[in-house]
Amino acid sequence: MEVFILMKTNTFEAQIGTSLELACSFLYSNLPIGIPTETVYGLAANAYEPMAVARIFEIKNRPTFDPLIVHTYSIEALSEFTKAIHPKAMLLAERFWPGPLTLLLPKNHKIPDLVTSGLPNVGVRIPAHPVTLDLLRSLPFPLAAPSANPFGYISPTTATHVKDQLSDKIPYILEGGKCTIGVESTIVGFDEYLKPTIFRLGGISIEEIEAVIGKVEIKPFSSSNPHAPGMLKSHYAPRTPFFIVQRQSFYFSDALNAVGTLCFREPFPNIPKAFQKVLSTKGCLKEAAHNLFCAMRELDSLGLEAIFCELVPDVGLGKAINDRLKRAAAK
Ligand code: TXA
Ligand code: MG
């Protein structure tokens, strides 16, 4: 039998496991846990319970002006905590859920203001991960879940990533393997004229969204944008100084010996291979997204003086990858 000890100091030693029963029991006790999704791992708690939601902000050290996404298991289940759903939102929901799409929809009183940072809309998503869908189906409440990383750091794409950073703060992480998509969901909302707008580039490309609902506005860089207050320019950042360079003009000085690179298809010349991560030798953007955060973490753990990265082709999923790289490099 597994034993969980809540120490006097209110700290834990997180266990990684596959028990939905245990996961539920912690969630019923308002203790946030790690959950897998196809995008990144989430730090989940009862979205209806302000005490549980407050714990998420505390664990992540996240400012309360940065709202949380609420996860549920079906479009029908949505109506318990949202008001009307815009017809274009419905088209997107039917096309992309379960999947890496978050819709901003008007909330009802069941969602505490803390979840949405006081905004009238709540971000909602049905994740495409069998373990988490089973968990959501077995709970009488939806789960508020931001990415399970300390605020500002790289999002986790394995259960071990979550454990590495939050082990003493949460009791349990549901094992769900490496996230298949590897970057966060695309966030779509509607402005006061009901014009659809993408607030965060993510696992579903602009082209895929526009194929379903026509032209959309793109407003991803929005640290001052009240509709997506969490999209701060500097984000997803490794601790090691991180720079974007152009391969053609990158000159590697011998004076620097402890530098690493994050490359798209092939390593840079003159730098030890051990300090270089290639995202996709085939040049596949899907594979590059899948490997992105893992590669950033591994480079960050090497104790390098600097990490240099190149942007990937700025099409499809490449736009979301480049968005993360630019935020990681932003000061
Ligand atoms: O793929 C994902 O979306 C992952 C997985 C766990 O579902 N979640 C995720 O959550 O990336 P998080 O908290 O790291 O990023 C959510 C961002 C916020 O920073 C904010 O910009 C935006 O979503 N957001 C959430 N609710 C919002 C709202 N009501 N209005 C505007 N923006 C919102
Ligand atoms: Mg996040």
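**Exercise 1. Locate Val-312 and decide whether Val-312 is buried or exposed.**

Solution. Start with the position: Val-312 lies in the loop that connects β15 to α10. The model is a predicted one. Next, take the accessibility: residues under 20% relative accessible area are classed as buried. Val-312 has 5% relative accessibility and therefore counts as buried. Then list the surroundings: leaving out residues up to four places away in sequence, Val-312 touches Phe-264, Leu-279, Leu-285, Gly-318, Ile-321 and Asn-322. Finally, for a distance to another part of the chain, take Pro-238: Val-312 and Pro-238 are 74 residues apart in sequence, and their C-alpha atoms are 18 Å apart in space.

**Exercise 2. Work out the strand order of the open sheet of 4 strands, and find which strands stand at its edges.**

Solution. Write down the order: β12-β15-β13-β14, with parallel pairing. Now look at the ends of that order: β12 (242-244) and β14 (276-278) each have a single partner strand, so each has one side without a neighbour in the sheet. The average turn between neighbouring strands of this sheet is 20 degrees, with direction ignored.

Go on to one pair within the sheet. Strand β13 (residues 259-263) and strand β15 (residues 306-309) run parallel and are joined by 4 bridges. Within this pair, Val-259 is opposite Ala-306 in β15.

Last, place the helices. Helix α9 (residues 285-300) lies across β12, β13, β14 and β15, at about 175 degrees to β13. Helix α10 (residues 317-329) lies across β12, β13 and β15, and its angle to β12 is about 130 degrees.

**Exercise 3. State how the chain is divided into domains and how many residues of domain 1 and domain 2 are in contact.**

Solution. The assignment gives domain 1 as 15-218 and domain 2 as 242-329. The separation of the two centres, taken over C-alpha atoms, is 28 Å. For the contact, count from each side: 23 residues of domain 1 meet 16 residues of domain 2.

**Exercise 4. Determine why strand β9 counts as largely enclosed, and identify the strands that β5 and β10 contribute as its partners.**

Solution. First, count burial: 5 of the 5 residues of β9 (residues 186-190) are buried, so the strand is largely enclosed by the rest of the structure. Second, sort the residues by face. In a regular strand, side chains alternate between the two faces of the sheet. In β9, Thr-186, Val-188 and Phe-190 are buried on one side, and Ile-187 and Gly-189 are buried on the other.

Third, take the partners in turn. Strand β5 (residues 101-106) runs parallel to β9 and is joined to it by 3 bridges; here Leu-103 has Val-188 as its bridge partner. Strand β10 (residues 196-200) runs antiparallel to β9, with 4 bridges between them; here Ile-187 is opposite Arg-200. The hairpin of β9 and β10 has 5 residues between the strands, and Leu-194 takes a positive phi near 65 degrees there.

Fourth, examine a residue of β10. Thr-197 is in this strand and is buried, with a relative accessible area of 1%. Its side chain comes to 3.4 Å from the backbone oxygen of Lys-195. Beyond residues up to four places away in sequence, Thr-197 touches Ile-187, Val-188, Gly-189, Glu-217 and Lys-219.

**Exercise 5. Find the buried residues of helix α1 and say what they pack against.**

Solution. Begin at the start of the helix: a side-chain oxygen of Ser-19 is within 3.4 Å of the backbone nitrogen of Glu-21. Within α1 (residues 20-28), the buried residues are Ala-23, Cys-24, Phe-26 and Leu-27. They span an arc of only 165 degrees around the axis, which places them on the same side of α1. Their packing partners are β2 (33-35), β3 (42-46), α6 (130-137), β7 (143-144) and β8 (172-174). Just after the helix, Asn-30 has a positive phi of about 65 degrees.

**Exercise 6. Say which helix holds His-161 and which residues His-161 is in contact with.**

Solution. His-161 belongs to helix α7 (residues 159-166). Its relative accessibility is 9%, so His-161 counts as buried. With neighbours within four places in sequence set aside, its contacts are Pro-156, Cys-294 and Arg-297.

Conventions
Residues are numbered from 1 along each chain as its sequence is written. Chains are lettered from A and ligands numbered from 1 in the order in which they are written. This is a predicted model: local features need pLDDT of at least 70, side-chain atom pairs count only at pLDDT 80 or more; totals for chains, interfaces and linings use all residues. Side-chain values use heavy atoms; hydrogens and water are left out. Two strands pair if DSSP finds at least two bridges between them. Helices (H or I, at least four residues) and strands (E, at least two) are DSSP runs, numbered from the N terminus. Axes are lines fitted to C-alpha atoms, for helices over the stretch in contact, and angles run from 0 to 180 degrees between N-to-C directions. Contact means heavy atoms within 4.5 Å. Buried means under 20% relative accessible area, exposed over 50%, partly exposed in between (1.4 Å probe, protein chains only). The arc is that of the directions from the helix axis to the C-beta atoms. A polar contact is a pair of N or O atoms within 3.5 Å; within protein, one must be able to donate a hydrogen and the other to accept it, and residues adjacent in sequence count only if both atoms are side-chain atoms. Domain bounds come from an automatic or database domain assignment.
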